[in-house]
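User: Please consider the model below. I should like to go through its side-chain arrangements one by one, with the criterion for each.

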Amino acid sequence: MIQLVKERNPEKADFKASDRWFSAFCRRYGVALRRKTHTAQKAPEQLRNTITKFHSKILRERKRGKYEDRDIINKDQTPLPFVLDDGKSYDSTGAKEVWCSNASSGLDKRQCTVQLTIFADGVSRVSTTIIFRGQGKRISPNEKRSWDSRVNVMFQPKAWCDENVMKVWVEREWGNICSRIPQELIHLVRF
């Protein structure tokens with residue numbers, strides 16, 4: 001915007017754009033940040049019954065004295081796209097069709113998966129895991145040395161946490177915490 005003002009109105013070369021100015025400009029001209037939506041995930045309300053049953057089961061097991069806070073974890077994966085804000089563009093409020101520029105060379109489809117684990121007692125015992133697409137065979141030793149030692153880097157053909165990745169993760173991360181997984185926990189773990 002600053003460049004456009006300088007080109008079209010040289011007498012206002014001292015123009016300074018700010019977040020407040022931009023917000024007012026958008027309101028004044030009916031412009032809003034729009035995005036395409038093709039997400040097919042379930043809304044939290046649709047999962048409420050499943051989540052409630054799961055929490056009830058955990059609480060029953062805990063009341064029986066089988067588990068302490070250190071034994072209860074929540075682990076989840078989320079996709080992390082390499083291109084953020086792709087599919088968003090500023091356009092007139094209420095526009096029926098919104099044109100968006102896309103990342104070139106397929107970057108809009110590339111992502112990794114980030115896996116986070118939290119313990120009920122708040123003590124971190126396992127590393128954050130990042131799963132990249134591919135096999136990880138053509139990575140130079142210099143690049144590998146530059147990776148943060150607190151992050152567990154893994155590879156899978158589609159950057160998913162599938163059964164094989166989960167088994168490697170359990171062996172690598174849980175081996176530091178316990179010598180074996182109790183048999184009564186095996187039925188709670190779904191691959």
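User: Is arginine 64 buried or exposed?

Analyst: This is a predicted model, in which local features need pLDDT of at least 70, side-chain atom pairs count only at pLDDT 80 or more, and totals for chains, interfaces and linings use all residues. Residues are numbered from 1 along each chain as its sequence is written, and side-chain values use heavy atoms, with hydrogens and water left out. Buried means under 20% relative accessible area, exposed over 50%, and partly exposed in between (1.4 Å probe, protein chains only). Arginine 64 has a relative accessibility of 57%, so its class is exposed.

User: With which residue does arginine 64 form a salt bridge?

Analyst: A salt bridge requires a side-chain nitrogen of Lys or Arg within 4 Å of a carboxyl oxygen of Asp or Glu. The closest N and O atoms of the pair are 3.2 Å apart. The partner is buried, because its relative accessible area is 13%. The residue is glutamate 61.

User: How many salt bridges are there by this rule?

Analyst: Side chains of opposite charge can pair when their charged atoms come close. One of these bridges joins aspartate 148, partly exposed at 34%, to arginine 150, exposed at 63%, with 2.6 Å between the closest N and O atoms. The count of salt bridges comes to 5.

User: Over the face of which residue does arginine 125 lie?

Analyst: A charge sits over a ring if NZ of Lys or CZ of Arg is within 6 Å of the ring centre and within 35 degrees of the ring normal. Arginine 125 also meets aspartate 121 in a salt bridge (2.5 Å, N to O), and aspartate 121 is partly exposed at 30% relative accessibility. Arginine 125 is placed 4.6 Å from the ring centre of phenylalanine 119.

User: How far is the charged end of lysine 75 from the ring centre of tryptophan 169?

Analyst: The charged end of lysine 75 sits over the ring of tryptophan 169. Its distance from the ring centre is 5.7 Å.

User: How many aromatic pairs does the structure hold, and what is the angle between the planes of tryptophan 21 and phenylalanine 25?

Analyst: Rings of Phe, Tyr and Trp (its six-membered ring) pair if their centres lie within 6.5 Å; planes under 30 degrees apart count as stacked, over 60 as edge-to-face and the rest as tilted. The structure holds 4 such pairs. Tryptophan 21 and phenylalanine 25 form a stacked pair, 5.3 Å centre to centre, with a plane angle of 25 degrees.

User: In which helix do tryptophan 21 and phenylalanine 25 lie?

Analyst: Helices (H or I, at least four residues) and strands (E, at least two) are DSSP runs, numbered from the N terminus. The two residues are 4 residues apart, about one turn of the helix. Both lie within residues 19–29, helix H2.

User: Which residue forms a tilted pair with phenylalanine 25?

Analyst: Phenylalanine 25 is partly exposed, with a relative accessible area of 26%. Its tilted pair has 4.9 Å centre to centre and 50 degrees between the planes. The partner lies 4 residues away in helix H2, about one helical turn, and counts as exposed at 54%. The residue is tyrosine 29.

User: Which residues form one aromatic cluster?

Analyst: One member of the cluster, tryptophan 21, is partly exposed at 22% relative accessibility. The cluster is formed by Trp21, Phe25 and Tyr29.
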